[in-house]
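Please load the model and keep the selection panel at hand, as this tour moves from one selection to the next and says what is found at each stop.

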Amino acid sequence: MSAGLAKLGSRALLGLLWLLHGLPLPLLAALGRGLGALLWRLAGSRRRIALRNLQLCFPEMAADRRRALAREHFAWLGQSLLERGVLWHASPARLRRLIRIEGAVGAADAHPERAWMLLAPHFLALDVAGAASLMHVKRPGASIYQRQSDPVFDAAMRRGRLRFGPLKLFARQETAKPLLREVKRGAVFFNLPDMDFGAKDAAFLPFFGVPAATLLAPSRMARLMDMAVQPVVAEMLPRGQGWRVRYHPPLEGFGSEDAEADAARMNRWIEDRIRENPAQYLWVHKRFKTRPPGEPKLYGAGPG
């Protein structure tokens, strides 16, 4: 496909998201779950990745139960894709009605003298947590994002994330210095720590008992800047009732002299949240792609 046709297709898809965003959320959720069922059938490689991840993380679970969980994950995935249009285009007033906030959302504002990190695992409603933080936290924000290969989608994603308040976005390929400057100026760092970004600045630590390349930067940054690290988790509510964003208490003692121990603790904390809502975690990502030296790859043909 030529670049021109690809851009046209991207614009058409973004136009569809805009057209759908005004629908009642329960109807949009039903359409999204239908899209998820279609993706389950058509997106074979992603289906195999999800099944492999569930096999690695829940080996004690019966295979048919894992398969049912993966299908449910795809239903939530399709819903999250269509709800992206709501996040990108709906009025702040509508979003405030749809997002239920729980926990100490104002903790960062109550401690303006302290550097602050919001630690957000990759649940499917992750962008809802970002929007909620910009709407409810008075301090400016800063975050790192993965630049998209499609420039049309990349621009749309940036616009969607920047529209709620003062936020600086830094591409993952950039150095950390501009981000650190923003945090020193008082910005709250919205950090997404639980993907496989390779072995650089990472340690192989257990994630559901499987060695996973885990970033040490959250611990090191917290120690360097005496930073509070507050986890935040977003979830989609059933039948299109909206979203819930929970602001958990800051992690005590995170940012110790032992970065690997902190990172392992972070993984365990995320595992506990996944067990509470397993269908909405991002299972279509190759979390175990990078392997310790000498270990075989974990993603082959796989089940599915």
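Begin with strands E3 and E4, which run parallel and are joined by 5 bridges. The model is a predicted one, and the stops that follow should be read with that in mind. Within this pair, select Ser-143 together with Leu-169 of E4, since the two residues stand opposite each other. Is E4 largely enclosed by the rest of the structure or not? Of the 5 residues of E4, 4 are buried, so the strand is largely enclosed by the rest of the structure. Now add helix H8, residues 151-162, which lies across strand E3 (141-145) and E4 and runs at about 150° to E4.

Next, widen the selection to the open sheet of 7 strands to which these belong, whose order is E1-E9-E8-E2-E5-E3-E4 and whose pairing is mixed. The edges are formed by strand E1 (99-103) and strand E4 (167-171), each of which pairs on one side only. Looking across the sheet, you will find neighbouring strands turned by 25° against each other on average, with direction ignored. In general, strands of a sheet pair through backbone hydrogen bonds, in either a parallel or an antiparallel arrangement.

Move to the edge at E1, where this strand and strand E9 (residues 243-247) pair in the parallel sense over 5 bridges. Here the residues to pick are Gly-103 and Tyr-247 in E9, which stand opposite each other.

From E9, step back along the chain into the loop between strand E8 (228-236) and E9, where Pro-238 lies. Pro-238 counts as partly exposed, at 37% relative accessibility. If you draw a C-alpha to C-alpha distance from Pro-238 to Leu-54, it will read 22 Å in space, for two residues that are 184 residues apart in sequence. Arg-239 also has its place in the loop between E8 and E9, and at 66% relative accessibility this residue counts as exposed. A torsion display is useful at Arg-239, because phi is near 60° there, a positive value in a residue other than glycine.

A second backbone torsion of this kind can be inspected at Asp-201, whose phi is near 55°, again positive in a residue other than glycine. Asp-201 is placed in the loop between strand E5 (188-191) and strand E6 (202-207), and it counts as partly exposed at 47% relative accessibility.

Now select helix H9, residues 177-184, and within it Leu-180. This residue is partly exposed, with a relative accessible area of 23%. When residues up to four places away in sequence are not counted, Leu-180 touches Met-221 and Met-225. For a longer view, draw the C-alpha to C-alpha line from Leu-180 to His-73, which spans 35 Å in space between residues 107 apart in sequence.

The next stop is a pair of helices, H3 (residues 44-57) and H4 (residues 63-89), whose axes come within 10 Å and cross at roughly 130°. How are H3 and H4 oriented to each other? They are oblique to each other, and H3 passes H4 in a right-handed crossing. To display the contact, select Arg-46, Arg-47, Ala-50, Leu-51, Leu-54 and Gln-55 of H3 along with Arg-66, Arg-67, Leu-69, Ala-70 and Phe-74 of H4. Colouring this selection by residue class should give 6 nonpolar, 1 polar and 4 charged residues.

Stay on helix H3 and pick Asn-53, which has its place there. Is Asn-53 buried or exposed? With a relative accessible area of 2%, Asn-53 is buried. Apart from its neighbours within four places in sequence, Asn-53 is in contact with Trp-283, His-285, Arg-287, Phe-288 and Tyr-299, which can be shown as sticks around it.

Finish in the loop between helix H1 (3-20) and helix H2 (25-42), where His-21 is found. Its relative accessible area is 14%, and His-21 is therefore buried, the cut-off for that class being under 20%. Leaving aside neighbours within four places in sequence, the residues to show in contact with His-21 are Gly-85, Val-86, His-89, Ala-90 and Arg-94.

Notes: Residues are numbered from 1 along each chain as its sequence is written. This is a predicted model: local features need pLDDT of at least 70, side-chain atom pairs count only at pLDDT 80 or more; totals for chains, interfaces and linings use all residues. Side-chain values use heavy atoms; hydrogens and water are left out. Two strands pair if DSSP finds at least two bridges between them. Axes are lines fitted to C-alpha atoms, for helices over the stretch in contact, and angles run from 0 to 180 degrees between N-to-C directions. Contact means heavy atoms within 4.5 Å. Angles under 35 degrees count as roughly parallel, over 145 as roughly antiparallel, 65 to 115 as roughly perpendicular and the rest as oblique. A crossing is left-handed if the near helix is turned anticlockwise from the far one by less than a right angle, and right-handed if clockwise. Ala, Val, Leu, Ile, Met, Phe, Trp, Tyr, Cys and Pro count as nonpolar, Asp, Glu, Lys and Arg as charged, and the others, Gly among them, as polar. Buried means under 20% relative accessible area, exposed over 50%, partly exposed in between (1.4 Å probe, protein chains only).
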